[in-house]
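Reader: I'd like a close look at one part of this model, told informally but carefully. Could you pick a helix, walk me along it, and then show me what surrounds it?

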Amino acid sequence: MDDHYFGVIKPRVQAYMDELNQELWKLGILAKTEHNEVAPAQHELAPIYSTTNVATDHNQLTMEIMQKVAAKHGLVCLLHEKPFAGVNGSGKHNNWSISTDTGINLLSPGDTPYENAQFLLFCCAVIKAVDDYQDLLRLSVATAGNDHRLGANEAPPAVISIFLGDELSAVMDAIESGKPYKGTEKTVMKLGVDVLPKFNRDTTDRNRTSPFAFTGNKFEFRMLGSSNSIACANIMLNSAVAESLKIYADRLEKAADFEDALHKMIRKTIKDHKHIIFNGNGYDESWIKEATEKRGLLNYRTTADCMPHLLDEKNVKMLTSHKVFSEAELKSRCEIMLENYNKAVTIEANTMIEMAKTQIAPAITSYAADLAGSAAAKKELSAKLACKYETELVEKLSALTDEVYDKIGDLEKAVAGLSKAKDTIKEAEMIRDKVLPKMEALRKPCDEAETLTAKEYWPYPSYGDLLFGVK
């Protein structure tokens, strides 16, 4: 049921996009891509790349303008990562590369031996950085909304891995093993600058399940949620790669034989960090098991799991040594991000309680009462009249009403228990372990009741109403 993905943009949405382009161009933001996405009423926009600071500002402005223009067209632009259960979520792809001040892309494989040596050095620096600081990259995209999206079969899993593509992976394998590269040129893989083999760059993005994919001359970090600022992800990525390059520079500058030191260093990087390279299906449950149990990769499924690791010693040391943050700023950032998470989920839980208590339960009860009245009227008219439909449905709805009532009470207790938390970290853990499971438990009977309750009784629009305008 996703054929709309390949269809034309609807006129009303196209009119919105046309005005959006105009408003963005007025601000110097060049938008390039507009097309239907997987979910109904979901669309994509891609600003043309720029330097990190400018791109970050553009991204913030784009989100604001998207919502303002939508309102003018009688639409609502949802920048929520998972607004509808069972429907594709919304995220961002952060395309990232590194270049010199003269515009040379250091992640472009090129077609000369010298450029290949340069590329492999910087590519290995990125691989090392992503592996060493998986936790920083994960927490850079951590929000209550994005926790629902990651790993939900339309976004990368919470486990971070790197996709290199078949050819580049083969090059890395040849370097590690010291065997001839059996690709475009059968040349012994020696990393002296003058004898590196040429290889065709992998320009095809063939793995949409990878959180961090090489796509020809850049890496694409796909874990950001639709409401995320791209600032934090790029801060962590830039800082981690800077740390790798600092380590490399310290080694190479002291080396007596530059080419030999370069060869050994790249080979060691590949050997030490190859466990994070994965070209397979990131959605496969067997991969998650392999990643965590065999490869030792991190799997922080929620904000409560990952955010406290911002204050791990290695992370504080790296970020303060590069003067990106002070230790006090890191503590403040961790506190604020967890407080945002706690408040967001608590508001959602209280809203859910109010919805279920004041509208959903009464709607079910009202419909059941009318059914019971109909059954009683039939029996009063004649004992022979069949009323199996009314009787059995009333029984089901009554049982669901009681279940909803019980689950409301469970959720209220869980929310009230948050007041006992000693700090934001403990509160986040309580939300993860107690509040969110109780919210899921309450949703289950509400969803079932919606499928049994007559449409005119149900207080909220259905997916059909929201996504397709069905009445």
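**A close look at α14**

Author: Let's take α14, which bends by about 40 degrees at Ile 431. Keep in mind as we go that this is a predicted model.

Start with the length of α14. It runs over residues 424–452, and at 1.5 Å a residue its 29 residues should span 42 Å. The end C-alpha atoms of α14 are 40 Å apart, which agrees with that figure.

Now for burial. Which residues of α14 are buried? They are Thr 424, Ala 428, Met 430, Ile 431, Val 435, Met 439, Leu 442, Pro 445, Cys 446 and Ala 449. So Ile 431, where the helix bends, is itself on the buried list. As a rule, an α-helix has 3.6 residues a turn, so residues three or four places apart point the same way. You can read the buried list with that in mind: Val 435, Met 439, Leu 442, Pro 445, Cys 446 and Ala 449 are among its members.

One residue of α14 leads us into the packing. Val 435 is one of the residues with the most contacts inside the largest nonpolar core, along with Val 130, Leu 164, Met 172, Phe 219, Met 236 and Leu 411. That core has 101 residues. Its largest share, 15 residues, comes from α12. Apart from it lies another core, of 15 residues, including Ile 9, Met 17, Ile 29 and Cys 77.

Since α12 has come up, here is how it looks beside α14. Helix α12 covers residues 327–381, 55 residues in total, and reaches 79 Å from its first C-alpha to its last. The expected value is 81 Å, and the helix comes close to that. There is a bend in α12 too, of about 40 degrees, at Ala 356. Just ahead of α12, in the loop that joins it to α11 (313–321), you'll find Lys 323. Lys 323 has a positive phi of about 60 degrees although it is not a glycine. In general, most residues other than glycine have a negative phi. Lys 323 counts as exposed because its relative accessibility is 72%.

Back to α14, and to empty space. How many residues does α14 give to the lining of the second largest pocket? It gives 10, the most of any element. The volume of this pocket is about 1,600 Å³, and 45 residues line it. Nearest its centre lie Lys 82, Pro 83, Phe 84, Ala 85 and Arg 443. Arg 443 falls within the 424–452 stretch of α14. Besides α14, the elements giving two or more residues to the lining are α5 (144–149), α9 (285–294), α12 and α15 (463–468). By class, the lining has 26 nonpolar, 9 polar and 10 charged residues.

If you care about enclosed space as well, the structure holds 1 cavity of 30 Å³ or more. About 30 Å³ of space lies in it. Its lining is made up of Gln 134, Asp 135, Arg 138, Ala 158, Ile 160, Leu 298, Asn 299 and Tyr 300. Those residues divide into 4 nonpolar, 2 polar and 2 charged.

Next, past the end of α14. The loop between α14 and α15 holds Pro 459, which counts as partly exposed because its relative accessibility is 30%. The C-alpha atoms of Pro 459 and Gln 359 are separated by 6.4 Å, with their places 100 residues apart along the chain as the count goes. Gln 359 falls within the 327–381 range of α12, so this pair ties the loop after α14 back to α12.A loop beside another of the pocket's helices gives a second pair. His 275 is found in the loop between α8 (258–273) and α9, and is partly exposed, with a relative accessible area of 25%. The C-alpha atoms of His 275 and Ala 291, 16 residues apart along the chain, are separated by 8.3 Å.

Finally, the wider setting. The protein comes to 15 helices and 8 strands, and its C-alpha atoms fill a box of roughly 100 × 55 × 45 Å, taken along the principal axes. Of the 471 residues in the protein, 43% are buried.

Technical notes
Residues numbered from 1 in each chain as written. Predicted model: local features only at pLDDT ≥ 70, side-chain atom pairs only at ≥ 80, totals over all residues. Heavy atoms only, no water. Helix = DSSP H or I, 4+ residues; strand = E, 2+ residues; numbered from the N terminus. Expected span 1.5 Å × (residues − 1). Bend = angle between axes of the 7 residues up to and from the residue. Core = buried A, V, L, I, M, F, W, Y, C linked by side-chain atoms within 4.5 Å. Buried < 20%, exposed > 50% of the residue type's maximum accessible area, 1.4 Å probe, protein only. 1 Å grid on protein atoms, 1.4 Å probe; cavity = no way out; pocket = protein on both sides within 12 Å on 5 of 7 lines; lining within 4 Å. Points joined across faces, edges and corners; volume = space filled by probe spheres on them. Nonpolar A, V, L, I, M, F, W, Y, C, P; charged D, E, K, R; others polar.
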